[in-house]
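Visitor: Could you walk me through this structure, one question at a time?

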Amino acid sequence: MNFAHFAHAELQNVQNAQNPQKFGKENFTLFDDIKSALDMPTVARGYGLKINRSGMAICPFHAEKTPSAKIYPDGFHCFGCGVHADVIGFTQRLFGLPRPIDAAKKLNEDFYLHLDLGGHKSVNEVSEYRRRQRERQEYERWENKVWNTLRGYLQTMYDWREIAPRSPDDEPDPRFAYALGQAGYAEYLCEVFIAADENGRKAMRAEVERVAGFLGGLTAD
Ligand SMILES: [Zn+2]
């Protein structure tokens, strides 16, 4: 009898029902790595089962005196209580672990497999990571643009302050008059921006857009 054939469908149902969203392709690949590295007798013996000459052991999942659990190369089946599982399901059940991935991690540690489990992220984790990365890049681009706007505003005010009237009788240039009032405010905006954290900078959005509109109007002239 081939254990894999009769157990496969049911195992998959059990695993999917336990944690449907965690079952991306990556996890199946990781589980395959574990299963090809560890056969069932190795795991069963490693966790204390005594396998007799006919490949039977006392079942750890129900109380019994004579062995009714058969240890196949690729799985465990108890003819007494009906439990069947591969090395991952067996380990998960034996230690009462919440998820198959926890059993995979335990096997990886207990049998020194040195598989890189951290590299096997679920599809959800990967797309969540990419989404956060995209958000970060967008924010950093925005932050950069804002800083250039504020610096441009400050520089413009400094430049305009230089257009001072030559004599008391000269009519002041309107830009000079404007800069006298606004240079201090431009400095203030730059200082606030430098001191602010991310939320503080985001809160400046409306004011920065007003400044950007003002500077945009200048270059359009
Ligand atoms: Zn049993």
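Guide: Gladly! One term before we start: a residue counts as buried if 20 or more other C-beta atoms lie within 10 Å of its own, and as exposed if 12 or fewer do. Please keep in mind that this is a predicted model.

Visitor: Is tyrosine 112 buried or exposed?

Guide: Tyrosine 112 is found in the loop between α5 and α6 (123-161). There are 6 C-beta neighbours inside 10 Å of tyrosine 112, so this residue counts as exposed.

Visitor: What is the phi of tyrosine 112?

Guide: Most residues other than glycine have a negative phi. Tyrosine 112 is not a glycine, yet its phi is positive, at about 50°.

Visitor: Which helix gives the most residues to the largest nonpolar core?

Guide: That core has 22 residues, and Ile34, Val87, Ala104 and Leu107 touch the most other members. At least two residues each come from α2 (25-37), α3 (40-46), β2 (69-72), β3 (75-78), α4 (87-94) and α5 (100-110). With four residues, the element that gives the most is α5.

Visitor: Which residues does leucine 107 contact, beyond its neighbours within four places in sequence?

Guide: Leucine 107 is among the core members that touch the most others. Leaving those sequence neighbours aside, its contacts are Ile34, Leu38, Val43, Val87, Ile88, Thr91 and Leu113.

Visitor: On which residue is the kink in α7 centred?

Guide: Helix α7 covers residues 174-195, and its end C-alpha atoms are 32 Å apart, which agrees with the span expected for 22 residues. The buried residues of α7 are Ala179, Gln182, Ala186 and Leu189. The kink, of about 45°, is centred on glutamine 182.

Terms used
Residues are numbered from 1 along each chain as its sequence is written. This is a predicted model: local features need pLDDT of at least 70, side-chain atom pairs count only at pLDDT 80 or more; totals for chains, interfaces and linings use all residues. The expected span of a helix is 1.5 Å times one less than its number of residues. The bend at a residue is the angle between axes fitted to the seven residues ending there and the seven starting there. A nonpolar core is a set of buried Ala, Val, Leu, Ile, Met, Phe, Trp, Tyr and Cys residues joined through C-beta atoms within 7 Å. Two residues are in contact if their C-beta atoms, placed from the backbone, lie within 7 Å.
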